[in-house]
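Please open the model in your viewer and keep the selection tool at hand. The stops below take you from one selection to the next, with a note on what is found at each.

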Amino acid sequence: MTRRVQSSSAERATAGNARERLALAQGRAVLSTRGGPRSADEVGYSVYLGVLTVLVVAVPLLRALVLGAADAESLAVLVSPEAPSGLAAGAVGLAGLALLVGPIRGPVLPSPFAVEFLVGSALARRVTLLRPFLVSAVVLAGLAVLAASVVSAALMVGGLLPAGPDALAGAGLTVLGCAASAVSLCVAWLAGQSLPRRWTMPLGAAFVAAGAVGVSPLRPGLAPANIPGGSVPVVLGTLVLALLCLPLIPRLLDRLRAADLMRQARRWQSIGTLLQTGDVAGAAGVLRTPPARGRHDRIALSGPLPVAVVQRDLGAARRFPVRMLAGSLAIAVAGWLQAGVWAAPPGGAWPPAVAAALAAYLGVGVWCDGLRSAAENAGPSSIYGRSGLTMIGCHAIVPALALLVLGTVGIAAAGVTAPADAALPDSALPWSALPWLTPPALAVPWWALVAVFITLLRVFDSLRGPLPIGLLLPVPTPVGDVSILNVIAWQADALILLLAGAAGLTVLAQQSGATAAAWLVVACGVVVALGMRRLRSLTT
């Protein structure tokens, strides 16, 4: 009797699963017909574009990455005793970042129509949403495998991993471990999308903080060592963790709410449309959520104009507490990385210098709302009765102060965690001879110059204005129309200047501080001239 009841239950479950699969297949068939069948020319063009992208972009880029990671300094870092702990701390930080990013852009992101059509049906979400999740997991695992392959290839090129069966087995283990870690990371990403924010935000922030504290700063004098053995237990550990995470996927998929999915789908569809038209600023504005706090707070506008504008900017930033905290933390991390540049070995200063410049530039954006508003209202006639230059100058005070103060806090934190024998190179900066300045306080004057430069870049970027029509004219080449490169260069001009000025000159300052300081002052003058040109074009 018991066996008959169990058999009947299994048959009903099988029949229910078959009905769900049939309904899902019919729904996806309807979705696939919305865009119409693709012609042979469209398929051929897609293949042609993919092959050219691989040959022209992907292959040279991967070759450059392998050769760049195969130099002596990078190999010394890759095989150093601190590398495993740093990798583990980085994985913890990435898991926390995935939890924080999930509510904004989760791994399950179908189109708005698919959300309405599939998620609104009676089918279980573990069935309808499994395919979008698997696509994101495959992409993430592919990126992890690509990074592991680049590292393994760099070790082979550098001679630290001789070609042979053992080397191939070691590289395979590394790739397998990275793929398993990517699966765990994708589950954490899904948890950030499906679980309440009051759970994921503190947990994600704690993971990011743990990862940041656990990362060991690069120090000079790291000698190349043998490839660390014992990687099999590490890979087995990552595989076990990934297998433990797999049963959580259906439950997390069932917890996804239709309203949250629709909001994310519509937002990222708008962002994709704006990016296709080259409107990066508009796409970034879509990511900004409306203020939820402080909408009824009164902002005092007393005192001289600069003081009143500073009060207004501080009050506006206070309405986005999480965003303000994240941006401020990014600036402090930038100061910490900036101090770490001086302790990096020769040739190893580029990663922290680039990371510091990008973190500072992106982090200070939360303090630039007033600056962007002033730039948008700059015209032949000002609604505030003041010139555009006056308003922009007043609104630039808060970003400059945020960079200077929060970055100095990060440098001070680096001084607390730095080893006692840390010292700047002899030829570092002109003020290195001052007896009352000790490392890492010697980095503060240089950071002040960088802060001024980044503030000017923010002003320059806010004055961008509409996209010039001339940039959209076709530029025919044997590989097709490359006019998009003009648009990308116009959109990314501030980032290009940032990497060349803030990051490149910081690396140069390691070798010749006076020359780098002089070039940075010149770069500030160039950015001011370019910004004034854009302001004149907006006000005339």
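Begin by selecting helix 14, residues 305-318, whose 14 residues should span 20 Å at 1.5 Å a residue, and whose end C-alpha atoms are indeed 20 Å apart, so the expected and computed spans agree. Within helix 14, colour the buried residues, which are Ala308, Val309, Val310, Asp313, Gly315, Ala316 and Ala317. Please bear in mind throughout that this is a predicted model.

Before moving on, show the whole protein chain, in which there are 23 helices and 2 strands. Of the 540 residues in the protein chain, 34% are buried. If you consider the contacts in the protein chain with a separation of 6 or more, 82% of them are between residues 24 or more positions apart.

Next, select Pro306 together with Thr390, two residues that lie 84 residues apart along the chain and whose C-alpha atoms are separated by 9.2 Å. Thr390 belongs to helix 18, residues 388-395, and because its relative accessibility is 33%, Thr390 counts as partly exposed.

Move now to helix 15, residues 321-341, which has 21 residues and reaches 30 Å from its first C-alpha to its last, close to the 30 Å expected at 1.5 Å a residue. The buried residues of helix 15 include Gly327, Ser328, Ile331, Ala332 and Ala334, and also Gly335, Leu337, Gln338, Ala339 and Val341. Pick out Ser328 from helix 15, which has a relative accessible area of 15% and is therefore buried, the cut-off being under 20%. When residues up to four places away in sequence are not counted, Ser328 touches Trp367 and Leu406.

For another buried serine, go to helix 8, residues 165-194, and select Ser184, which counts as buried because its relative accessibility is 13%. Which residues is Ser184 in contact with, leaving aside its neighbours within four places in sequence? Show Thr238, Leu241, Ala242 and Cys245, for these are the residues that Ser184 contacts.

The tour now turns to pairs of helices. Select helix 16, residues 350-363, and helix 22, residues 493-511, whose axes come within 9 Å and cross at roughly 135°. That angle is why helix 16 is described as oblique to helix 22, and helix 16 passes helix 22 in a right-handed crossing. To see the contact itself, display Trp350, Ala353, Val354, Ala357, Leu358 and Tyr361 in helix 16, which meet Ala494, Leu495, Leu498, Leu499, Ala502, Ala503, Gly504, Thr506 and Val507 in helix 22. The residues of the contact of helix 16 with helix 22 divide into 13 nonpolar, 2 polar and no charged.

For the last stop, select helix 17, residues 369-376, and helix 20, residues 443-462, which pack at an angle of about 40° with their axes 9 Å apart. Helix 17 and helix 20 are therefore oblique to each other, and the crossing of helix 17 and helix 20 is right-handed. On the side of helix 17, display Leu371, Arg372 and Ala375, and on the side of helix 20, display Arg458, Val459 and Ser462, since the contact is made by these residues. Coloured by class, the contact of helix 17 with helix 20 has 3 nonpolar, 1 polar and 2 charged residues.

Methods: Residues numbered from 1 in each chain as written. Predicted model: local features only at pLDDT ≥ 70, side-chain atom pairs only at ≥ 80, totals over all residues. Heavy atoms only, no water. Axes fitted to C-alpha atoms, helices over the stretch in contact; angles between N-to-C directions. Helix = DSSP H or I, 4+ residues; strand = E, 2+ residues; numbered from the N terminus. Parallel < 35°, antiparallel > 145°, perpendicular 65-115°, else oblique. Left-handed = near helix turned anticlockwise from the far one by under 90°. Contact = heavy atoms within 4.5 Å. Nonpolar A, V, L, I, M, F, W, Y, C, P; charged D, E, K, R; others polar. Expected span 1.5 Å × (residues − 1). Buried < 20%, exposed > 50% of the residue type's maximum accessible area, 1.4 Å probe, protein only.
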